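Work through the exercises below with the sequence and the model side by side. Try each task before reading its solution.

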Amino acid sequence: MTLLLLGGTAEARELAVLLQDAGVRFVSSLAGRVSQPRLPVGAVQIGGFGGVAGLRSYLHEMRVSAVVDATHPFADGMSANALAACTADGVPLLRLERPGWSNAPGAERWHWVDNHDEAAALTATLGRRPFLTVGRQSLGRFVGPLAHTSALVRVVEEPAMTLPPTWTLLMSRGPHPLDDERGLMADVDVLVTKDSGGSYTWAKMQVAGERDIPVVIVRRSVVPSALEVVADPVAAAAWVAAIGQP
Ligand code: NAP
């Protein structure tokens with residue numbers, strides 16, 4: 001029997017350390033989106049399962065006794081698949097999700113939107129030099145509305161799509177120190193991001209506050225009420241200990 005840890009986040013890597021220290025048998029799973037991922041300690045498998053059906057087969061074949069979904073707050077597809085598969089097969093599931101920024105300093109002044117299309121349309125009305133930190137996969141939603149701006153775009157991996165010639169692409173993986181963000185954001189006039197939460201990518205939010213520029217922020221999806229959720233790796237490790245070590 002083994003525990004499946006759906007990862008791709010700093011919190012998942014922290015939990016992997018705690019599980020290893022506690023002698024829990026587990027395997028971490030990564031989507032394989034980035035070419036040189038930060039790997040957690042312990043066994044790792046890379047690549048998707050093949051939807052809910054594929055994940056159910058995996059749970060069965062690998063005799064998975066419990067699942068911790070520690071994927072990014074915006075990895076909605078994987079989280080939905082985990083919930084569907086675990087519910088269907090009666091496998092205990094925990095969601096490890098860092099708190100969002102809805103109560104952070106300045107959050108009441110930000111422009112909260114429900115999706116990237118809304119973010120793109122609103123941003124077009126707010127500035128000419130937006131700083132897009134929405135992730136490579138969402139950039140396509142911004143190209144039309146912001147094609148004629150001088151957007152600064154930061155991504156971890158090169159986007160598959162061609163970006164407008166007026167955009168500046170920056171490939172860089174966080175965390176980004178505060179002083180670096182101050183320099184980078186000196187001439188941007190609107191920050192566009194999603195509610196990733198946590199401290200890892202907070203510096204840009206602080207700089208936007210210092211410079212008093214507008215922030216457009218995409219809300220998270222609502223977590224299903226049936227799902228048990230914890231906010232930090234220590235609480236997740238306690239949950240694993242409480243259900244009995246695989
Ligand atoms: P997603 O849209 O929710 O997932 C799409 C598909 O990718 C899933 O159906 C699954 O494929 C596969 N997948 C996703 N996470 C996986 C995992 N941990 N292990 C194995 N397969 C996984 O996910 P996403 O937004 O593309 O994010 C991909 C990964 O990057 C996640 O693990 C997430 O933690 C990490 N990440 C995402 C973001 C973000 O902003 N979305 C930011 C930082 C890190 P199958 O259906 O074939 O199983």
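A polar contact is a pair of N or O atoms within 3.5 Å; within protein, one atom must be able to donate a hydrogen and the other to accept it. Keep in mind that this is a predicted model.

**Exercise 1. Thr 71 and its partners**

Task: Place Thr 71 in the fold, decide whether Thr 71 is buried or exposed, and find which side chains make polar contacts with the side chain of Thr 71.

Solution:
- Step 1. Locate the residue. Thr 71 sits in the loop between strand 4 (64-69) and helix 3.
- Step 2. Check its accessibility. The relative accessible area of Thr 71 is 6%. Buried means under 20%, so Thr 71 is buried.
- Step 3. Look for contacts. The side chain of Asp 69 makes a polar contact with that of Thr 71, at 2.6 Å. The side chain of Ser 79 is also joined to that of Thr 71, by a polar contact of 3.3 Å. Both distances fit the 3.5 Å limit.

**Exercise 2. Around the ligand**

Task: Describe the shell of residues around the ligand, then list backbone atoms that lie close to ligand oxygen atoms.

Solution:
- Step 1. Start with the shell. There are 22 residues around the ligand, and Ser 29, Phe 49, His 72, Met 78 and Lys 194 come nearest.
- Step 2. Sort the shell by class. It has 13 polar, 6 nonpolar and 3 charged residues.
- Step 3. Turn to the backbone. A backbone N or O atom of Gly 7 is 2.9 Å from a ligand oxygen atom. For Gly 50, a polar backbone atom lies 2.8 Å from an oxygen atom of the ligand. For Met 78, the distance from a polar backbone atom to a ligand oxygen atom is 2.8 Å.
- Step 4. Judge the cover. On its own the ligand has 810 Å² of accessible area, and the protein covers 76% of this.
- Step 5. Assign the shell to elements. Strand 2 (26-30) and helix 3 are the elements that give two or more residues. Helix 3 gives the most, with 4 residues.

**Exercise 3. The second largest pocket**

Task: What is the volume of the second largest pocket, and which element gives the largest share of its lining?

Solution:
- Step 1. Take the volume. The second largest pocket has about 190 Å³.
- Step 2. Find the centre. Of the 13 lining residues, Asp 76, Ser 79, Val 222, Val 223 and Pro 224 are the closest to it.
- Step 3. Name the element. Helix 3 (residues 76-89) supplies the largest share of this lining, 4 residues.
- Step 4. Class the lining. It divides into 7 nonpolar, 4 charged and 2 polar residues.

**Exercise 4. Closed spaces**

Task: How many cavities of 30 Å³ or more does the structure hold, and which residues line them?

Solution:
- Step 1. Recall the idea. Rolling a probe the size of a water molecule over the atoms shows where empty space is left.
- Step 2. Count. The structure holds 2 cavities of 30 Å³ or more.
- Step 3. Take the largest cavity. It has about 40 Å³ of space. Its lining includes Leu 5, Gly 7, Thr 9, Ser 28 and Arg 38. Helix 1 (10-21) and strand 2 each supply at least two residues of that lining. The classes are 4 nonpolar, 4 polar and 2 charged.
- Step 4. Take the second largest cavity. It also holds about 40 Å³. Among the residues lining it are Thr 9, Thr 71, Pro 73 and Glu 97. The lining has 3 nonpolar, 2 polar and 3 charged residues.

**Exercise 5. Unusual backbone**

Task: Which peptide bond is cis, and where do Arg 63 and Asp 212 lie?

Solution:
- Step 1. Recall the background. Most residues other than glycine have a negative phi, and most peptide bonds are trans.
- Step 2. Find the cis bond. It joins Gly 174 and Pro 175, with omega of about 0 degrees. Pro 175 is in the loop between strand 9 and helix 6.
- Step 3. Examine Arg 63. Its phi is positive, about 50 degrees. Arg 63 lies in the loop between helix 2 (51-61) and strand 4. At 52% relative accessibility, Arg 63 is exposed.
- Step 4. Examine Asp 212. Its phi is also positive, about 55 degrees. Asp 212 lies in the loop between helix 7 (203-211) and strand 11 (215-218). With a relative accessible area of 60%, Asp 212 is exposed.

Notes: Residues numbered from 1 in each chain as written. Predicted model: local features only at pLDDT ≥ 70, side-chain atom pairs only at ≥ 80, totals over all residues. Heavy atoms only, no water. 1 Å grid on protein atoms, 1.4 Å probe; cavity = no way out; pocket = protein on both sides within 12 Å on 5 of 7 lines; lining within 4 Å. Points joined across faces, edges and corners; volume = space filled by probe spheres on them. Nonpolar A, V, L, I, M, F, W, Y, C, P; charged D, E, K, R; others polar. Near = heavy atom within 4 Å. Areas by Shrake-Rupley, 256 points an atom, 1.4 Å probe, with all protein chains shown as cover. Buried < 20%, exposed > 50% of the residue type's maximum accessible area, 1.4 Å probe, protein only.
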